[in-house]
Each structure stands twice: as C-alpha cells, then as structure tokens.
Amino acid sequence: MALIVLAADKGAPGVTTAATALGAVWPRPVLLAECDPSGGDLAYRLPGADGTLSPSRGLLSLGAVARRGLHPDQIYEHTQRLVGGLDVLAGLTNGEQASGLTWMWGPLGRALAMLSHADVLADCGRLGAHPELNDLLAEADQIILFTRPSLDHVAHLRERLTLIRRQVGLVVIADPRAYRTSIDEVRRIVSGWDIAFVGGLAFDPKGAELLRGRWGGGLDRSPLIRTARELAVRLSARLQERAHEH
Ligand SMILES: Nc1ncnc2c1ncn2[C@@H]1O[C@H](COP(=O)(O)OP(=O)(O)OP(=O)(O)O)[C@@H](O)[C@H]1O
Ligand SMILES: [Mg+2]
C-alpha cells in the first residue's frame, strides 16, 4: 500500500510522537517503521504486547540479512507489536550503526512501498542530518514535514523545501488555543511553494507524555490523539484517492 515518510528538517518538533499517534489511529492496516538513522526511540518509550520491545529485532536484524536484496515478505520477520496492537519495525539502537547501512535506505524504501497489506508510516527523523535518506524518500508516496509554528522552525522548513524537489505535505504542531491561526500563518509563509497540504496536530504535552510511557487513561480524548485522528483520516483518504487515479 502507501509509504508515507514523516520527517523534520532539524530540531525535534515531535516527529516520533506524531508517528506513534498517527499509527495508533490509522484507519487502515499500518506498520510504523523507525527509519531515523540517528536511532529509534520506541523500544525505550513503549511496552511491547509481550513485555518490552527488543531493540535487536528491527532495522538492525533486517540489515544483517538483507545485503543480497530485500523482499517485502522479509519485513514482518523483523517487526514487533506494541501493547496497543500497533506493528513496528524498531529502529537502530545508535547512530553509529547507520554508517554500515548506508546502502540499505533505497532497498528498504522499495520494500516498504511494496508491502501489500499495510500502509507504512516511516519516521525518518531529521533530514538535514542524513542526506543518505534521499534514496528512501525517492520511494515515498507522500512526504510529510513537521514543524512548530515558531520563526526559526519555519525558516528551516523553507530551506528544506528548496532542497526536496518533491511536493510535500506540512503538519504544524500547534497550541490548541491558537490552532487555526498558527496553521494559517505557516500556510501563508509557504504560499510560494508547491505544497500538497498544510495540516495541524495539537501541541499537547500531556498527550505526548502518555505516548512516551504506558497507554493511559485519557489518551484517547487528548487533543493530540483527536487531531491525529483527523489528520490520519484526511491523509489516508488522499492516498486512496491518488491510488485510484493511477
Ligand atoms: N505534539 C506534541 N505536543 C507537546 N509536546 C510534544 C509533542 N510532540 C513531541 N513533544 C515533546 O517533544 C519532545 C520531542 O519529541 P519527539 O521525540 O517526538 O520529537 P522528534 O522530532 O522525533 O525528535 P528527534 O529528532 O530527536 O527524534 C518530547 O519531549 C515530546 O514529549
Ligand atoms: Mg524522533
């Protein structure tokens, strides 16, 4: 089905949190793939369905067997399940591991894009630090860049837009009290660019904290999960529409 790349230019606007929230509410079968070359966070943040997630089962174990070619069927031999039922391909445990795996991003992107029974949300971290990810980005059906509405974040975002020669979607992580205004402001700032859409996700420290630990009470009604649900429905509908066009 579709490969959706989630990333930032620099800083830590909340890509991993957004990826987890979107994965939890995605309206179709989905795999969350931690493709951040700096290393994954999920094994340390969320419990697995059968205890803690093993950091050694994921991108690292996949990389060890995939040198001669990577077939989509191999992916699920390296995934694990989070306690809420979300399937994840756990990321590298440290950035050093990525230096031996620079060949992997292209084949990995192709395999993820060819998965027949699930959409893939690929958390790619900060693009500015990892040009090798371009091989994976080239395979994506949709690239989504996350930003906070502050000037410094948006300035970096614009810089990134000139470097990615693809149409991207933007998601502004905005305070619910100024939600529409923040999103409209970013939309105005990028109005000269070829942008697929500008959407929003709630800045919600409580909700984000719940996504770093145990799925807790109240998460379902948190602004973060509510806005993630709206975004997920909108995004997947868009992707389905595009798939029908082709
Ligand atoms: N929507 C949000 N609302 C409030 N706080 C958030 C939100 N998303 C993330 N945070 C907080 O910001 C910090 C960074 O979040 P996260 O790890 O998701 O960012 P990231 O962009 O993936 O960073 P990195 O590039 O380091 O992987 C965390 O402390 C997290 O709790
Ligand atoms: Mg991250």
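## Strand S1, covered on both faces

In this predicted model, strand S1 is covered on both of its faces, with Leu 3, Val 5 and Ala 7 buried on one side and Ile 4, Leu 6 and Ala 8 buried on the other. The strand runs through residues 3–8, and six of its six residues are buried. A general point helps in reading such a list: in a regular strand the side chains alternate between the two faces of the sheet.

Strand S1 has partners in both S7 and S8. With S7 it pairs in the parallel sense over five bridges, and Ala 8 has Arg 126 as its bridge partner in that strand. With strand S8, which covers residues 142–147, S1 also pairs in the parallel sense, here over four bridges. Along this second pairing, the bridge partner of Ile 4 is Gln 142, the partner of Val 5 is Ile 143, and Ala 7 stands opposite Leu 145.

## Strand S8 and the unit it begins

How many of the residues of S8 are buried? Six of its six residues are, so S8 is largely enclosed by the rest of the structure. Gln 142, Ile 144 and Phe 146 point one way from the strand, while Ile 143, Leu 145 and Thr 147 point the other way, and all of these residues are buried.

Besides its pairing with S1, strand S8 pairs in the parallel sense with strand S9, residues 168–174, over five bridges. One of the links between them joins Phe 146 to its bridge partner in S9, Val 171. The two strands are also part of a right-handed β-α-β unit, made by S8, helix H7 (residues 151–163) and S9.

## The sheet and the helices across it

These strands belong to an open sheet of eight strands, whose order is S5-S6-S2-S7-S1-S8-S9-S10 and whose pairing is mixed. Strand S5 (80–81) and strand S10 (195–202) stand at the edges with a single partner strand each, so one side of each is left without a neighbour in the sheet. As a general rule, strands of a sheet pair through backbone hydrogen bonds, either parallel or antiparallel.

Two helices can be followed as they lie over part of this sheet. Helix H8, residues 179–189, lies across S8, S9 and S10 and runs at about 145° to S9. Helix H10, residues 223–245, lies across S7, S8, S9 and S10, and its direction is at about 160° to S10.

## The surroundings of ligand 1

Which residues come nearest to ligand 1? Of the 20 residues around the ligand, Ala 12, Gly 14, Thr 16, Thr 17 and Ala 208 do. Helix H1 (15–25), strand S7 (119–126) and helix H9 (205–210) each supply at least two residues of this shell, and by character the shell divides into 10 nonpolar, four polar and six charged residues.

Helix H1, one of the elements that supply this shell, is mostly covered, since 10 of its 11 residues are counted as buried. Among the buried residues of H1 are Thr 16 and Thr 17, both of which are also in the group that comes nearest to ligand 1.

## Three residues compared with their settings

Arg 126 has its place in strand S7. Is Arg 126 buried or exposed? It has 20 C-beta neighbours inside 10 Å, and therefore counts as buried. Leaving out residues up to four places away in sequence, Arg 126 touches Ala 8, Asp 9 and Lys 10, and Ala 8 is the residue whose bridge partner in S7 is Arg 126. The C-alpha atoms of Arg 126 and Ala 12 are separated by 7.8 Å, although these residues are 114 residues apart along the chain.

Gly 39 lies in the loop between strand S2 (30–34) and helix H2 (42–45). Because it has 19 C-beta neighbours inside 10 Å, and a residue needs 20 or more to be buried, Gly 39 counts as partly exposed. Apart from neighbours within four places in sequence, Gly 39 is in contact with Gly 91, Leu 92, Thr 93, Asn 94 and Gly 95. Its C-alpha atom is separated by 19 Å from that of Ile 4, which is 35 residues away along the chain.

Val 233 is found in helix H10, and with 13 C-beta neighbours inside 10 Å this residue counts as partly exposed. Between the C-alpha atoms of Val 233 and Ile 75 the separation is 25 Å, and the two are 158 residues apart along the chain.

Terms used. Residues numbered from 1 in each chain as written. Chains lettered and ligands numbered in written order. Predicted model: local features only at pLDDT ≥ 70, side-chain atom pairs only at ≥ 80, totals over all residues. Near = placed C-beta within 6 Å. Nonpolar A, V, L, I, M, F, W, Y, C, P; charged D, E, K, R; others polar. Buried ≥ 20, exposed ≤ 12 C-beta atoms within 10 Å, placed from the backbone. Pairing = 2+ DSSP bridges. Right-handed = clockwise from strand over helix to strand, strands pointing away. Contact = placed C-beta atoms within 7 Å. Axes fitted to C-alpha atoms, helices over the stretch in contact; angles between N-to-C directions.
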